[in-house]
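Biologist: Please take one part of this structure and go through it closely, and then set a few other places beside it. I would like one connected account rather than a list.

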Amino acid sequence: MMKYEDLLALTKALAKADPAAPIAYSCNGTNLSYDALNETARREFNELCSNGDGNFNFNVYEQNRPLIFRIISETIDEVLPKKVEKRYEQFAETKVFAQGDRPSFRKPVNVRNRAKQFITRAGLSGMYEVFKIPANVDEAFEVRTSAIGGAAQVGLEEWLDGRVDFNVLIDIVMSGMDELIYKEVAAALKASINQLPPANRVAVAGFDEDAMDRLIMIASAYGTPVVYCTYEFAVKMIPQQAWRYSSDMKNTLWQNGRFADYKGTRVVILDQGFEDGTNTTKVIDPGYCWVIPTTANGKPVKIAFEGDTILKQRENYDNSTEIQVYKKVGVICILSNDICCYVDTALRGDMTTWHLNGYHAVQDTYG
């Protein structure tokens, strides 16, 4: 039986491993493949849930459940913030704070071309507060956190029985929490638009090439601009003068439906998500596009994680075990006059993937 520290290191290495990568992962000085990591962890957890015969024993599991949940909790604490940071690293700053701390972000005022700043704090309850930052002081922005949660619909027993991998158990929980954070990031950005100077925002139906050029020009005064938008927005962002297209540009447009650059400005596609497994309701409003210079006064979105992950167990009606996970997270958006926003009012609010007035659902007629 492994020591607690060794088992924790093993599960952290496993949660961060790529099942498809044919490489070895180092754990406690030993190089193991992904499959070997998974089997080693399964064997160790089986010992915590059985009398030594490998068969799940509920009483033994209940006795060791605090230890098992502590290991899973600390693994999520290690992996989730890094996953979120990687996903939003281009426009968001992520920090981890201890329980009871006052999560905050600081920003010095004496930077070159300092822009006037505003904060929009998004609350997970759907309420937003907007307030201005005092001038001529070292700025500290407090982030209020709220609990978000996700549930793994697969039971721990399924992993112990070899029906799923440990990564599946962790990914299901984290994916749900990650979607909630993504939704809050989008909500904070949307709620802050009216705090931008009028020259930095435009709202028109469809794509107005002149308007986009003007926003890029404004952002260019502060650094190298980058456009952030959804794929739905990007496919409309096509220059009107098609006679200027080269053969390579035509091939790119045919193959991808969009350009990776708009008149020399890099275009970054924001990942779209869905609120549930039906894939009918989007997470990100496709009508919003952001132009942010790479040398902007800090990344506009701030994400704070506070305290430890909390795990709870729920017994389902079929006697299966569902693991529920809760984590305190806060999101604020700090906009300044080096950031611009384009709103396509024709796309804004288009949050469904299918419209019954234009399409009809395909019904199952097999048998």
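Modeller: The expected span of a helix is 1.5 Å times one less than its number of residues. Keeping in mind that this is a predicted model, we can apply that rule to helix H6, which runs over residues 209-220 and has twelve residues; from its first C-alpha to its last it reaches 16 Å, close to the 16 Å expected. At the N-terminal end of H6, Asp 208 acts as a cap, with one of its side-chain oxygens 3.1 Å from the backbone nitrogen of Asp 210. Along H6 itself, the buried residues are Glu 209, Ala 211, Met 212, Leu 215, Ile 216, Ile 218 and Ala 219.

Elsewhere, the packing of two helices can be followed as well. Helix H1 (residues 4-16) and helix H2 (residues 34-48) pack with their axes 10 Å apart and at an angle of about 140°, and H1 and H2 are therefore oblique to each other, since angles over 145 degrees would be needed to count as roughly antiparallel. The crossing in which H1 passes H2 is left-handed. On the H1 side the contact is made by Leu 7, Leu 10, Thr 11, Ala 13 and Leu 14, while H2 contributes residues including Tyr 34, Leu 37, Ala 41, Phe 45 and Leu 48.

Turning finally to a strand, Leu 335 lies in E15, residues 321-336, and is buried, because its relative accessible area is 0%, where buried means under 20%. Leu 335 and Pro 300 are 35 residues apart in sequence, yet their C-alpha atoms are 5.6 Å apart in space.

Note on methods
Residues numbered from 1 in each chain as written. Predicted model: local features only at pLDDT ≥ 70, side-chain atom pairs only at ≥ 80, totals over all residues. Heavy atoms only, no water. Helix = DSSP H or I, 4+ residues; strand = E, 2+ residues; numbered from the N terminus. Buried < 20%, exposed > 50% of the residue type's maximum accessible area, 1.4 Å probe, protein only. Polar contact = N/O pair within 3.5 Å; in protein donor to acceptor, adjacent residues only side chain to side chain. Axes fitted to C-alpha atoms, helices over the stretch in contact; angles between N-to-C directions. Parallel < 35°, antiparallel > 145°, perpendicular 65-115°, else oblique. Left-handed = near helix turned anticlockwise from the far one by under 90°. Contact = heavy atoms within 4.5 Å.
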